[in-house]
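Q: I'd like a close look at one part of this model, with its surroundings filled in afterwards. Here is what I have on screen.

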Amino acid sequence: MMAFTGFHQDDFNVFDIDGLDERMESIRNRIQPKFKAIGDELTEPVSRMTGQEMHVHIAKHARRTKNPPNDTWMAFSHDKKGYKKHPHFQIGLFDDHLFMWLAYIYELPGKEQVAESFLNHITDIHQSIPGDYVISLDHTKKEAERLDAIDLEKALTRLQNVKKAEFLIGRHFQPDDSVLKDRNRFLKEAQTTFQTLTPLFNISMEST
């Protein structure tokens, strides 16, 4: 079993590798063992903070036949069989940042109810989530906007009304961030991030 020692620039460089098979081989050999080790460390704390028995899912990118993935991730979900149809926590990488998300992606049924619940708690969200947390409206894109800058009501109304709409809230870390290189600091930061987002997770679990 591989011990998690943090993330380093070489981990982000896997997305510079050309070719689906070549990039996937590097992801499987370099990134996925780290995800497995993180899962071993965080499954129990995340289960405890959410009050749900959580299970780790590591993206396999199995449907890809040509284009190599631009990002890769792991997820924590209460469903042992999958995560995409449920509110879930993610840790993953693009070539230029690591992300930690509470994610609501397009496969999630009942997004309208989740969005309505969040709209009813919009003041609480602004008060309880730090302004430097970021929001993405498309998990396939790198772009994200700070909570204290985005029109949150507009983003949630879109989640409520647009079938393919998504909503992800969490944090970005640059590859040279010292937190990523230190095992204990990273695990603590991930726990703190997910703990901060757990009230939203609980609201959405009650809505779906």
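Which residue forms a salt bridge with Asp95, and how far apart are the closest N and O atoms?

A: It's Lys142: in this predicted model, the closest N and O atoms of Lys142 and Asp95 are 2.7 Å apart. The two residues sit in loops, Lys142 between strand S5 (134–136) and strand S6 (145–146), Asp95 between strand S3 (88–93) and strand S4 (98–104), so the salt bridge ties together parts that are 47 residues apart in sequence. Neither partner reaches the cut-off for exposed, which is over 50% relative accessible area, nor falls under the 20% that defines buried. Lys142 has a relative accessibility of 34% and therefore counts as partly exposed. Asp95 has a relative accessible area of 28%, so the label is partly exposed there as well.

Now for what surrounds Asp95. Its loop belongs to a hairpin: S3 and S4 form one, with four residues between them. The two strands run antiparallel and are joined by six bridges. One of those pairings puts Leu93 of S3 opposite Leu98 of S4 as its bridge partner. If you zoom out, you'll find an open sheet of seven strands with antiparallel pairing, in the order S1-S2-S3-S4-S7-S5-S6. The edges are strand S1 (55–58) and S6, each of which pairs on one side only. That puts Lys142 in the loop leading to an edge strand, since S6 comes after that loop and S6 is an edge of the sheet.

Take S3 next. Six of its six residues are buried, so S3 is largely enclosed by the rest of the structure. Its side chains split into two sets: His88, Gln90 and Gly92 point one way, while Phe89, Ile91 and Leu93 point the other way, and all of them are buried.

Besides S4, strand S3 pairs with strand S2 (residues 72–77), antiparallel and over five bridges. Among the matched residues are Phe76 with Phe89 and Ala75 with Gln90. S2 tells a similar story: six of six residues are buried, so S2 too is largely enclosed by the rest of the structure. From S2, Thr72, Met74 and Phe76 point one way and Trp73, Ala75 and Ser77 the other, and all are buried. Keep going and you get to S1, which runs antiparallel to S2 with four bridges joining them; there, His57 has Ala75 of S2 as its bridge partner.

In the other direction, S4 is joined to S7 by seven bridges, again antiparallel. Ala103 is one residue to click on, with Leu168 in S7 as its bridge partner. S7 also has a salt bridge of its own: the side chains of Arg171 and Glu189 meet at 2.8 Å, N to O. Arg171 lies in strand S7 (residues 167–173) and Glu189 in helix H7 (residues 183–207), so this pair ties together parts that are 18 residues apart in sequence. Glu189 is partly exposed because its relative accessible area is 22%.

How does this fit with the other salt bridges? A search of the whole structure turns up 11. One of them brings the side chains of Asp11 and Lys34 together at 2.8 Å, N to O. Asp11 is in helix H1 (residues 9–12) and Lys34 in helix H2, so the link ties together parts that are 23 residues apart in sequence. Both Asp11 and Lys34 are buried, in contrast to the partly exposed Lys142. The Asp11 and Lys34 pair is also part of a network of salt bridges that links Asp10, Asp11, Arg30 and Lys34.

Finally, some charge along the chain forms a patch instead. Asp16, Asp18, Asp21, Glu22 and Glu25 make up a negative surface patch. Glu22 is in helix H2 (residues 20–50), and Glu22 counts as partly exposed because its relative accessibility is 45%.

Methods: Residues are numbered from 1 along each chain as its sequence is written. This is a predicted model: local features need pLDDT of at least 70, side-chain atom pairs count only at pLDDT 80 or more; totals for chains, interfaces and linings use all residues. Side-chain values use heavy atoms; hydrogens and water are left out. Patches are made of residues with over 30% relative accessible area and no salt bridge: like charges are joined within 9 Å, nonpolar side chains (Val, Leu, Ile, Met, Phe, Trp, Tyr) within 5 Å. Accessible areas come from the Shrake-Rupley method with a 1.4 Å probe; for residues, only the protein chains shown count as cover. A salt bridge is a side-chain nitrogen of Lys or Arg within 4 Å of a carboxyl oxygen of Asp or Glu. Lys and Arg count as positive and Asp and Glu as negative; His and the chain ends are not counted. The place of a charge is taken as NZ of Lys, CZ of Arg, CG of Asp or CD of Glu. Buried means under 20% relative accessible area, exposed over 50%, partly exposed in between (1.4 Å probe, protein chains only). Two strands pair if DSSP finds at least two bridges between them.
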